[in-house]
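User: Please take a close look at one helix and the pocket beside which its residues are found. I would like the terms explained as they arise.

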Amino acid sequence: MLRRLHPIAGTIGFASIALFWTSTLTVEIAGGPGAIAALKQAILWGMLVLIPALALTGFSGMKSLSGPAHGLASTKLRRMPFIAGNGILVLIPSAVFLHMKASTGAFDTAFYAVQAVELVAGAINLTLLGLNLRDGLRMTRRRRQVSKR
């Protein structure tokens with residue numbers, strides 16, 4: 001069951017971050033202060049989906065290992081501390097800060113500096129999660145090829 005939950009939770013996590021990231025770019029380019037504030041609030045609510053999805057992805061990935069990680073599993077595992085650290089230390093605090101600033105209409109230098117940091121950190125996590133997704137698909141294909149022999 002965990003092997004089925006892992007790709008679903010991982011895809012939900014990746015898609016959530018991608019949605020937050022592209023929505024932020026779109027609203028910053030084409031939206032007004034009200035739209036920015038609404039998006040920042042929506043992103044905080046979206047964390048209620050994102051955080052459990054990523055936690056379940058990590059948990060199910062670890063539990064699905066039979067013995068020490070090697071090959072692509074080891075590579076995926078080495079990326080996880082960076083993904084988690086980036087999320088916990090940069091992305092979540094940034095989302096809270098940006099929501100607080102946007103909800104009061106304080107679109108100042110600090111808001112846009114943190115917004116830039118959040119976009120860079122989000123792009124890094126999307127890249128790392130995308131690499132893990134790619135490697136997971138490769139591992140699944142290999143497992144299927146081996147079981148067909």
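Analyst: The following account treats helix H3 and then the second largest pocket. This is a predicted model, in which local features need pLDDT of at least 70 and side-chain atom pairs count only at pLDDT 80 or more, while totals for chains, interfaces and linings use all residues. Residues are numbered from 1 along each chain as its sequence is written, and side-chain values use heavy atoms, with hydrogens and water left out.

Helix H3 comprises residues 72–103 (helices are DSSP runs of H or I of at least four residues, numbered from the N terminus). Its 32 residues, at 1.5 Å a residue, should span 46 Å (the expected span is 1.5 Å times one less than the number of residues). The end C-alpha atoms lie 43 Å apart, which agrees. At Gly 87, H3 bends by about 40° (the angle between axes fitted to the seven residues ending there and the seven starting there). After H3 comes Gly 105, with a positive phi near 75°.

The second largest pocket has a volume of about 400 Å³ (a pocket is an open set of points on a 1 Å grid over the protein atoms alone, where a 1.4 Å probe fits, with protein on both sides within 12 Å along at least five of seven lines; the volume is the space filled by probe spheres set on the points). It is lined by 23 residues, and the closest to its centre are Ile 17, Leu 50, Leu 54, Gly 87 and Asn 125 (lining residues have an atom within 4 Å of a point). Helices H1 (2–30), H2, H3 and H4 (109–148) each give two or more residues to this lining. H3 gives the most, with 8 residues.
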